[in-house]
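Dear colleague,

Please find the structure below, handed over for your use. My notes on it follow directly after.

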Amino acid sequence: MLTITLNDGRTIPQLGLGVFKTPPEETERVVSEALELGYRHIDTAAIYRNEEGVGRAIAASGIPRDELWITTKLWQDHQGGDKPFAAMDESLGKLGLDYVDLYLIHWPAPKTNKFVESWKSLGVIRDRGLAKSIGVSNFQVPHLQRLLDETDVVPAVNQVELHPYFQEREIVTFARQHGINIESWGPLGQGKYPLLELPEITAAAEAHGKSPAQVVIRWHLQHDFIVFPKSARRERLKENFEVFDFELSAEQMGAIDALERGHRVSSDPNEVD
Ligand code: NAD
């Protein structure tokens, strides 16, 4: 398993499983299968309403807690005041855990302007040991800049929509200048454009005897992005994890880099509140 060392010194498995839209009643089965297949990093969120299923799978797995990386996220209805503390307690209760490995502000929600205050609360949550690492999600450069200017804590990660049609190079460059690691969400474009049929990707897949999805996951890994493609199907969970036995060439990486279209498949972070 490849790992990345974050700016707080902690080591995160670079590849994990995302459970956005994994139905609550299926989550325990999906996460259990992923853990059996070797996944050790699960990305959930309060708003996914499946933290209980993630927690049940963890408990049933018998895997030592320190071998797992569990991320969850603060929804914006719990930004500001004491609400982040209540949200953290609620997530820990649902997960059945004493701590999470990573707690993220899910969206900046800049119109309500509570993200700086909420970020300070996440600092306290980290100091109390309830989240070992803290970070943000869907933060644009001006949002990150405000955290850098107005607080003492640099996020460990910024989790953003990122895939070949939407590579967020300005955010990636800025984040890296400040030691913030990038996590790619929607790494396969959420199936919302025919990414896996693009010739640049199918040609690389054919050359390596791999699937197009494996090529795209590999592209993320070789760019040092942390990535957690979602699937509820065992064969795809297995496929998405078998990406450590080949390497894309500089030409193959360059051909995929050139697919950038500025084409977002989900919401503009400035508009989500
Ligand atoms: P994704 O890009 O991982 O796409 C998932 C879809 O791709 C699946 O539903 C399936 O249709 C398809 N797929 C998966 N494996 C495949 C394979 N091997 N071959 C062909 N098709 C395959 O999209 P996502 O789930 O949105 O993103 C991954 C994770 O990122 C989420 O589960 C969640 O944890 C996180 N996320 C975070 C945010 C945020 O705001 N922070 C938003 C969306 C997602």
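Strand β6 and strand β7 (residues 131-137) pair in the parallel sense, with five bridges between them. Within this pairing, leucine 104 stands opposite glycine 135 of β7. The connection is made through helix α4 (residues 115-127), and β6, α4 and β7 form a right-handed β-α-β unit. Please note that the model is a predicted one.

Strand β6 also pairs with strand β5 (residues 69-74), again in the parallel sense, over four bridges. One of the residues concerned is threonine 72, whose bridge partner in β6 is tyrosine 103. Here the chain passes from β5 through helix α3 (residues 83-95) to β6, in a β-α-β crossover that is right-handed.

As to solvent exposure, β6 spans residues 100-105 and is mostly covered, six of its six residues being buried.

Aspartate 101, which is found in strand β6, may merit your attention. Is this residue buried or exposed? Aspartate 101 counts as buried because its relative accessible area is 2%, under the 20% cut-off. Its side chain makes a polar contact with the side chain of arginine 10, at 3.1 Å. In addition, a polar atom of the aspartate 101 side chain lies 2.8 Å from the backbone nitrogen of isoleucine 70. Setting aside neighbours within four places in sequence, the residues in contact with aspartate 101 are Arg10, Arg65, Leu68, Trp69, Ile70, Lys132 and Ser133.

With kind regards

Methods: Residues numbered from 1 in each chain as written. Predicted model: local features only at pLDDT ≥ 70, side-chain atom pairs only at ≥ 80, totals over all residues. Heavy atoms only, no water. Buried < 20%, exposed > 50% of the residue type's maximum accessible area, 1.4 Å probe, protein only. Helix = DSSP H or I, 4+ residues; strand = E, 2+ residues; numbered from the N terminus. Pairing = 2+ DSSP bridges. Right-handed = clockwise from strand over helix to strand, strands pointing away. Polar contact = N/O pair within 3.5 Å; in protein donor to acceptor, adjacent residues only side chain to side chain. Contact = heavy atoms within 4.5 Å.
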